[in-house]
Amino acid sequence: MRASSDHRGSERRGLLLILGAALLWSTGGVAIKAVDAGPLVVSFYRSAIAAVALFIVVRPTVTRWTRGFVIAAISYAACLTTFVIATKLTTAANAIFLQYMGVVWVVILSPFTLGERARTRDVVTAVVAMGGMALFFLEDFDPRGMAGNISALFSSVFFAILILALRSERDASAEAAVSWGNVIVAVSLAPFVARDLAVGMTSFSLLLFLGIFQIAIAYYLFVRGLRTVRATQASLTGMIEPVMNPIWVLMFLGERPSTVALAGGAIVLGAVTVRTLMAPEKEVVPPPPD
């Protein structure tokens, strides 16, 4: 009886940790938009700060620099950068809802890359989610917003590649891929932003928050929570992120997503949620750690 009570207690603590991680991730939209700097400068600072914090907090180790690990780290770096670009160019709602298409790309590509059998539920999920995705591109044409939507879609593809690469090789550490992915972003962007690094104190404070809390601490909480929580529970709890992301932006910056975007987001997230509930534990895809 006591063992069962202890298990439920540890599971509740795990869920709270994952909820905390999701809430921190959800602040990305409002903080990125509030920084008075271009997307590449934001990406550089956020990842440089996050890399230092992750190596202190998570202390990742790489057993072998395998092909899967290298692909995972590079894909995560690209996922981070394209998400920041998307958030700066389009609404926070569009950026986060479209990024969650990454779960659908994993479902679609798994049979071809990992040899997993395609199931009817996977086909239905993909068709429904793509219908929701299409709504984002039916809005009134705005070149800047459309570029942001496309960047968010690329971010979802890079996230899918990250998951598939980690699944393909057991030696590919997620903690290490996330940590080194941030290093790759900082090193890759440094030559392009070296002359534009001057930011105000308010913006720098937001960048510190993004690197330390929105990425590093959030990921640490998520990993700790996973130790006592089933993958399905973790994934569903993590979906508070796409719900809260546009709410924070609306509350603090007054940005309102369009009705079409909300409808598209509801369809995408609904399809992902149903697929998560139906999937075996080993097939559940965690939320994007952006």
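1. Which residues line the second largest cavity? In this predicted model, the lining is made by Val103, Val107, Ser235, Val272, Arg275, Thr276, Glu283, Val284 and Val285. The space they enclose has a volume of about 60 Å³, and by class these lining residues divide into five nonpolar, two polar and two charged.

2. As to where that lining comes from, helices α6 and α13 (259-278) each supply at least two of its residues. The largest share, three residues, belongs to α13.

3. The structure holds two cavities of 30 Å³ or more, and the largest cavity contains about 90 Å³ of space. Its lining consists of Val106, Val107, Ser110, Pro111, Glu116, Arg117, Arg119, Asp122, Arg167, Arg275, Glu283 and Val285. A student comparing the lists may find it useful to look for Val107, Arg275, Glu283 and Val285, which appear in the lining of the largest cavity and also in that of the second largest cavity.

4. The lining of the largest cavity has four nonpolar, one polar and seven charged residues. Helix α6 (residues 101-113) gives the most to this lining, with four residues.

5. Apart from the cavities there are pockets to consider, and the largest pocket has a volume of about 600 Å³. It is lined by 25 residues, of which Ile163, Leu166, Ala174, Leu226 and Pro286 are the closest to its centre. The lining of this pocket is made up of 18 nonpolar, one polar and six charged residues.

6. Several helices take part in the lining of the largest pocket, for α8 (143-168), α9, α10 (201-226) and α11 (231-238) each supply at least two residues. Among the contributors, α8 gives the most, with five residues.

7. Helix packing is the last topic. Two packed helices are described by the angle between their axes and the distance between the axes. For helix α3 (residues 39-57) and helix α9 (residues 174-193), the axes come within 8 Å and cross at roughly 140°, and α3 passes α9 in a left-handed crossing. On the side of α3 the contact is made by Leu40, Val41, Ser43, Phe44, Ser47, Ala48, Ala50, Ala51, Leu54 and Phe55, while α9 brings Val178, Ser179, Trp180, Asn182, Val183, Val185, Ala186, Leu189, Ala190 and Val193. Sorted by class, this contact of α3 with α9 has 16 nonpolar, four polar and no charged residues.

Notes: Residues numbered from 1 in each chain as written. Predicted model: local features only at pLDDT ≥ 70, side-chain atom pairs only at ≥ 80, totals over all residues. Heavy atoms only, no water. Axes fitted to C-alpha atoms, helices over the stretch in contact; angles between N-to-C directions. Left-handed = near helix turned anticlockwise from the far one by under 90°. Contact = heavy atoms within 4.5 Å. Nonpolar A, V, L, I, M, F, W, Y, C, P; charged D, E, K, R; others polar. 1 Å grid on protein atoms, 1.4 Å probe; cavity = no way out; pocket = protein on both sides within 12 Å on 5 of 7 lines; lining within 4 Å. Points joined across faces, edges and corners; volume = space filled by probe spheres on them.
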